Amino acid sequence: PWDAVCLGETMVVLRPEGPERLADAAVFTRGVGGAESNVACLLAGAGHRVRWIGRVGADGFGDHVLAEIAARGVDVSAVRRDPHRPTGVYFRTGGERCATSERPTDPGLAEVLYHRAGSAASAMSPATVDRSDAHSGRVLHLSGITAALSDGCRALLYELTAPRPGRPLLSFDVNHRVGLWRGRDPAVLLDLARRCDIVFVGADEARAAWGIDGVDALRSALPEPSVLVVKDGGRGATAHTVDGTVHVPAPSVEVIGPTGAGDAFAAGFLSATLRGLPLRARLRHGHLTAAAALTVPGDVAEPPDRALADHLAALDDA
Ligand code: KDG
């Protein structure tokens, strides 16, 4: 019955009100952040029937996460509350790229500080998430963030991506988050991606996570997905399918807030996929939805109006 089911951890995000570093900020604004629920909210905003599956604490932050995501028109009835573990929280400053451990407070780079170890969502596993709930849509959207949360979460991803007759179309955004993989090998992300049908990966994250450089090398390492989308920032995105390769340049926009742009790209692409649009139009809808996210602060933008996006996506074909 659902067009799409998105599964993953969603946290409360606290951002300094101004441009300060975490060391200096005294006042924070609250938001909701979770890569997969961002995709769910955007898909719901684009008119699709969407469910988000996650796990939050039986605490006020869990109430807030559920209320905000439900208010975007997403079904949250399969989200479980954990009586013992808290809702994850993270702090983030502005800036285009994440600070690294070597340069934690470089001006211009975002600081990302997670308080999610032992969170309610990290208790997701094949025992706590019902596979039939996760497989109740046409598309199941997952991301590599979940693989880093706990052994149980990783086992859940393997369970949900196992070959099985009648399984939904599996969408996987690699979402390599440097801060979650310190001291651990992100090769598992490659393994999981190979089990899915539609894979989104950034050229930069493929280099950082796997040392793989370039679209051809990536396709060789990821031959199984029927669609492999390689995103190359402002330069554009390339989709590889059995029918060939399509590249669509990205529109140039003034970046206000880069967080959530990857999620928005995935949502635009998946929305157009659910509507049966051709590959080039799917990439264009990815770019247009990402542009909407890039030009607002915060994690989740409103998706572009469908009629306008269809018009813009068709312009070059005219
Ligand atoms: O894509 C945006 C996400 O990174 C953000 O909302 C938080 O899910 C998140 C994460 O784990 O980093």
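## Terms and model

Buried means under 20% relative accessible area, exposed over 50%, and partly exposed in between (1.4 Å probe, protein chains only). This is a predicted model: local features need pLDDT of at least 70, side-chain atom pairs count only at pLDDT 80 or more, and totals for chains, interfaces and linings use all residues. Residues are numbered from 1 along each chain as its sequence is written, and side-chain values use heavy atoms, with hydrogens and water left out.

## Cysteines

Cys 41 is buried, at a relative accessible area of 5%. Cys 6 is buried too, at 0%.

A search of the whole structure finds zero disulfides (a disulfide is a pair of cysteine sulfur atoms within 2.5 Å). The closest cysteine sulfur to that of Cys 6 is in Cys 41, 8.8 Å away, so the two are too far apart for a bond.

## The sheet

Eight strands form an open sheet with mixed pairing. Their order is 4-1-11-12-13-14-15-16. Strands here are DSSP E runs of at least two residues, helices are H or I runs of at least four, and both are numbered from the N terminus. Two strands pair if DSSP finds at least two bridges between them.

Strand 4 (50–53) and strand 16 (244–248) are the edges; each pairs on one side only. Neighbouring strands are turned by 15 degrees against each other on average, direction ignored. Axes are lines fitted to C-alpha atoms, for helices over the stretch in contact, and angles run from 0 to 180 degrees between N-to-C directions.

Strand 15 (residues 237–241) pairs with strand 16 in the antiparallel sense, over five bridges. Ala 237 stands opposite Val 248 in strand 16.

## Helix 7

Helix 7 (residues 203–210) lies across strand 12 (169–173), strand 13 (198–202) and strand 14 (227–231). Contact means heavy atoms within 4.5 Å. The helix runs at about 85 degrees to strand 13.
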